[in-house]
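Work through the exercises below with the structure open. Try each task before reading its solution.

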Amino acid sequence: MTKPIYVLGGPNLNLLGTREPEIYGHATLADIEAMVRAHAAGKDAMFRQSNHEGELIDWIQEAGREGAALILNGAAYTHTSIAIHDALKSISIPIVEIHLSNPAARDAFRQTNYVSPVATATIAGLGAQGYVLAMDAAQHLITSGG
Ligand code: DQA
């Protein structure tokens, strides 16, 4: 049986579609999931979102045990969470960091990033389409042994 690709989302991503659409776009998380599933037909993907740091950490650990790769939008925890950084360091599957916006081009407080140093790759600033590219990147990393 093939292992799923975990697609985990952090705080406030449940509000996509209505949350600051000028920054994050009009697609909801369900729209993004449908786009990715249509693109990656036949591939097993496990989509989850939580507003809670500990729950995300539990899922990162689960992805390390049961997943083939992890696509993570840590949202604001990207900029604050040493615990998520440590959880990512503890797993050995490919990690693709994803952001809808490009945090590097935004507020000063978004310039601290605890995910990028432990991610295999980062995709940012491409909106919902970035998730489709992240799925391709994860597939590539799995097949290339990355
Ligand atoms: C985000 C960027 C983060 O800085 C922000 O806190 C988010 C969303 C993005 O997808 O662009 O919640 O991760």
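**Exercise 1: the ligand site**

Task: find which residues surround the ligand, taking a residue as near if one of its heavy atoms lies within 4 Å of the molecule.

Solution. Step 1: the residues around the ligand are Arg19, Tyr24, Asn73, Ala75, Ala76, His79, His99, Leu100, Ser101 and Arg110. The model is predicted: local features need pLDDT of at least 70 and side-chain atom pairs 80 or more, while totals for chains, interfaces and linings use all residues. Residues are numbered from 1 along each chain as its sequence is written, and side-chain values use heavy atoms, without hydrogens and water.

Step 2: look for polar contacts (a pair of N or O atoms within 3.5 Å). A side-chain N or O atom of Asn73 is 2.8 Å from a ligand oxygen atom. For Arg110, a polar side-chain atom lies 2.9 Å from an oxygen atom of the ligand.

Step 3: the ligand alone exposes 330 Å², of which the protein buries 99% (Shrake-Rupley method, 1.4 Å probe).

**Exercise 2: two positive phi values**

Task: decide whether Glu20 is buried, partly exposed or exposed, and do likewise for Ala75. Buried means under 20% relative accessible area, exposed over 50%, partly exposed in between (1.4 Å probe, protein chains only).

Solution. Step 1: Glu20 is not a glycine, yet its phi is positive, near 35 degrees. Its relative accessible area is 36%, so Glu20 is partly exposed.

Step 2: Ala75, also not a glycine, has a positive phi of about 50 degrees. With a relative accessible area of 11%, Ala75 is therefore buried.

Notes. A residue is near a molecule or strand if one of its heavy atoms lies within 4 Å of it. A polar contact is a pair of N or O atoms within 3.5 Å; within protein, one must be able to donate a hydrogen and the other to accept it, and residues adjacent in sequence count only if both atoms are side-chain atoms.
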